[in-house]
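Subject: Structure handover

Dear colleague,

I am passing on to you the structure we spoke about, and below it you will find an account of what turned up when I went through it. Please keep it open beside the text while you read.

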Amino acid sequence: MQQSQQVEKEEDDEGPPPGWQPLPTPPPPPRSSGSAQMVCGSCRRLLSYPRGAKDVICSCCQTVNIVLEADQVGQVKCGSCAVLLMYPYGAPQVRCSSCRFVTEIGAHNSRPPWSLQQRKPTPSKAGC
């Protein structure tokens, strides 16, 4: 009887049961378009984040930093120390992170919204 038990055991060890199939390997994650960097608005550390992120939490001070794309950001020089400042479009003023001076954002240092910049010029109607 030992021989018949060994034969049965060997048959069990031959492989998977009938109908068994391995799980398909999952597809690789989509390739990101790279990473980007920004400076934390609170502790001034350089942060790296995947492109497309809406916000970034600083690993040092835990501040949530909102990510603005290039078309959502304006630039102006500080009215006191002339440091180049960036601000979200639509902001009426921006406070300098260096000297704390508040610079008013006026028509002289703003540009039209990105949607207006991307419009194609309409052809002029010239008489033939």
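Cysteine 99 counts as partly exposed, with a relative accessibility of 33%, and since this is a predicted model, please read that value, like the others here, as computed from the predicted atoms. You might ask how far the sulfur of cysteine 99 is from the closest cysteine sulfur. That partner is in cysteine 78, and the distance is 3.7 Å, which is too far for a bond, because a disulfide requires the two sulfur atoms to lie within 2.5 Å. A search of the whole structure agrees with this, in that it finds zero disulfides. Cysteine 43 is likewise in no disulfide, the nearest cysteine sulfur being that of cysteine 58, at 3.6 Å, and cysteine 43 is partly exposed as well, at a relative accessible area of 28%.

Turning to the fold, the protein has two helices and eight strands, and if you follow the chain from the N terminus the order is α-β-β-β-β-β-β-β-β-α, with a helix at each end of the series. Of its 128 residues, 17% count as buried, and among contacts between residues at least 6 apart in sequence, 13% join residues at least 24 apart.

The largest nonpolar core is made up of nine residues, namely Ala36, Met38, Cys40, Leu47, Tyr49, Ala53, Val56, Cys58 and Val67, and strands S1 and S2 (46-50) each supply at least two of them. Tyrosine 49, one of the members of this core, is in contact with Ser35, Ala36, Gln37, Met38, Val56 and Val67, when its neighbours within four places in sequence are left aside. There is also a second, separate core of eight residues, which includes Val76, Ala91, Val94 and Cys96.

Finally, please look at the largest pocket, which has a volume of about 800 Å³. It is lined by 27 residues, of which Met38, Val39, Gly41, Arg44 and Met86 are the closest to its centre. Two or more lining residues come from each of the strands S1 (35-39), S4 (64-66), S6 (84-88) and S7 (93-95), and the largest share, five residues, comes from S6. Sorted by class, the lining has 17 nonpolar, six polar and four charged residues. Met38 therefore deserves a second look on your screen, as a residue of the largest nonpolar core that is also among those closest to the centre of the largest pocket.

With best wishes

Notes. Residues are numbered from 1 along each chain as its sequence is written. This is a predicted model: local features need pLDDT of at least 70, side-chain atom pairs count only at pLDDT 80 or more; totals for chains, interfaces and linings use all residues. Side-chain values use heavy atoms; hydrogens and water are left out. On a 1 Å grid over the protein atoms alone, a cavity is a set of points where a 1.4 Å probe fits but cannot get out, and a pocket is an open set with protein on both sides within 12 Å along at least five of seven lines; lining residues have an atom within 4 Å of a point. Grid points are joined across faces, edges and corners, and a volume is the space filled by probe spheres set on the points. Helices (H or I, at least four residues) and strands (E, at least two) are DSSP runs, numbered from the N terminus. Ala, Val, Leu, Ile, Met, Phe, Trp, Tyr, Cys and Pro count as nonpolar, Asp, Glu, Lys and Arg as charged, and the others, Gly among them, as polar. A nonpolar core is a set of buried Ala, Val, Leu, Ile, Met, Phe, Trp, Tyr and Cys residues joined through side-chain atoms within 4.5 Å. Buried means under 20% relative accessible area, exposed over 50%, partly exposed in between (1.4 Å probe, protein chains only). Contact means heavy atoms within 4.5 Å.
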